Amino acid sequence: GIPVNEFKTCMVIPCFNEEDRLDESKFEILIKSGLVTLLFVDDCSTDMTELKIQSIKSKWPSSVEVISQIMNYGKGEAVRVGMLEAMNMENHYVGFMDADFAVPPEEVIRFLNEVNNLDGKLVFLGSRVKLLGSQISRTFKRHFFGRVFATLASFITRIQIYDSQCGLKVFKVNSNFKLSLETPFRTRWLFDLELLQRINNQQIGNVGSEKIQEIAVEIPLRQWDEVSGTKFSLLAQIKSIWQLLFLIKR
């Protein structure tokens, strides 16, 4: 099993047919930072993904774990299962990131260092803000859709967040967070947003607890590269807007 370390974060990496995008050298940079352990969740891939992640595990057995799903349940369920397992291994922080390193490993390390320095916060969200000096590489179409979606999402969930869909997030483990992961997500594409909404509802439900605006922080990324071969198609984007209806507060 993965050793427990108060300052180490276990990052869940959901994988479905990622054979061509798994870069071992980049995972090596992360592992050698000493800040992170990795938990790959293979979501019943049909290519050589599982062999590649088992190869990574064989090189760094004390820093890497692997879960193999028996059916393809989707990214949200892979992330949920992975974070529950990471909590069972008594990690103090758990999170998730994309296998394709749209966020380069050096930027993930900078993000994790910021997480470790932010006392009093429980939710840490990577945010793709196009600021001077940053390199956020997105097509105009995806950037435009992202801004429209984020505006709608903030209105519907009443959570004021700039970028809910960035694939880099970390959470401090506590009882509220565990309860937020008890049941599978209802939405296929919006599990990030649904998880934030669940955490918010758990916080509000606990007398004396703060709303998510007070326990969460968005950390602007300095580099993010749109990787070719993304599974988030135009049809998926349209479906994700429809799925926002599932998140309307009742």
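Let me begin with the aromatic rings. In this predicted model, the count of aromatic pairs comes to seven. A pair of rings is described by two values, the distance of the centres and the angle of the planes. Take Phe96 and Phe171: their ring centres lie 6.4 Å apart with 25° between the planes, and the pair is stacked. This pair links distant parts of the chain, since Phe96 belongs to strand β4, residues 93-96, while Phe171 belongs to strand β7, residues 169-172. The two residues are 75 positions apart in sequence.

Are these two rings buried or exposed? Phe96 is buried, with a relative accessible area of 1%, and Phe171 is likewise buried, also at 1%.

Phe96 has a further partner in Phe191. Here the centres are 5.6 Å apart and the planes stand at 50°; stacked pairs need an angle under 30 degrees and edge-to-face pairs one over 60, so this pair is tilted. Phe191 lies in helix α7, residues 191-205, and Phe96 in strand β4, so the pair ties together parts that are 95 residues apart in sequence. Phe191 counts as buried too, at 3% relative accessibility. Which residues do the ring pairs link into a cluster? They are Phe96, Phe171, Phe177, Phe185 and Phe191.

One other ring deserves mention, that of Trp224. Arg128 lies over its face, at 4.8 Å from the ring centre. Trp224 also appears in the lining of the largest cavity, to which I now turn.

Rolling a probe the size of a water molecule over the atoms shows where empty space is left. The structure holds two cavities of 30 Å³ or more. In the largest cavity there is about 70 Å³ of space. Besides Trp224, its lining includes Met97, Asp98, Asp100, Phe101, Ala102 and Val103. Val108, Gly167 and Leu168 are also among the lining residues.

I move next to two of the helices, beginning with α1, residues 24-32. Which residues of α1 are buried? They are Phe27, Leu30 and Ile31. These residues cover an arc of only 95° around the axis, which puts them on the same side of α1. An α-helix has 3.6 residues a turn, so residues three or four places apart point the same way. The buried residues of α1 pack against three strands, β1 (9-15), β2 (36-42) and β3 (64-68), and against the helices α2 (49-59) and α4 (105-117). After α1 comes Gly34, whose phi is positive, near 75°.

Helix α2 can be described in the same terms. Its buried residues are Thr49, Ile53 and Ile56. Seen down the axis of α2, they fall within an arc of 50°, so they line one face of the helix. What lies on the other side of α2? There, Leu51 and Ser58 are exposed. The buried residues of α2 pack against α1 and against the strands β1, β2 and β3.

Finally, let me place these details in the chain as a whole. The chain has nine helices and nine strands. Of its 250 residues, 51% count as buried. Among contacts in the chain with a separation of 6 or more, 82% are accounted for by residues 24 or more positions apart. The two Phe96 pairs described at the start join residues 75 positions apart in one case and 95 in the other.

Conventions
Residues are numbered from 1 along each chain as its sequence is written. This is a predicted model: local features need pLDDT of at least 70, side-chain atom pairs count only at pLDDT 80 or more; totals for chains, interfaces and linings use all residues. Side-chain values use heavy atoms; hydrogens and water are left out. Rings of Phe, Tyr and Trp (its six-membered ring) pair if their centres lie within 6.5 Å; planes under 30 degrees apart count as stacked, over 60 as edge-to-face and the rest as tilted. Helices (H or I, at least four residues) and strands (E, at least two) are DSSP runs, numbered from the N terminus. Buried means under 20% relative accessible area, exposed over 50%, partly exposed in between (1.4 Å probe, protein chains only). A charge sits over a ring if NZ of Lys or CZ of Arg is within 6 Å of the ring centre and within 35 degrees of the ring normal. The arc is that of the directions from the helix axis to the C-beta atoms. Contact means heavy atoms within 4.5 Å. On a 1 Å grid over the protein atoms alone, a cavity is a set of points where a 1.4 Å probe fits but cannot get out, and a pocket is an open set with protein on both sides within 12 Å along at least five of seven lines; lining residues have an atom within 4 Å of a point. Grid points are joined across faces, edges and corners, and a volume is the space filled by probe spheres set on the points.
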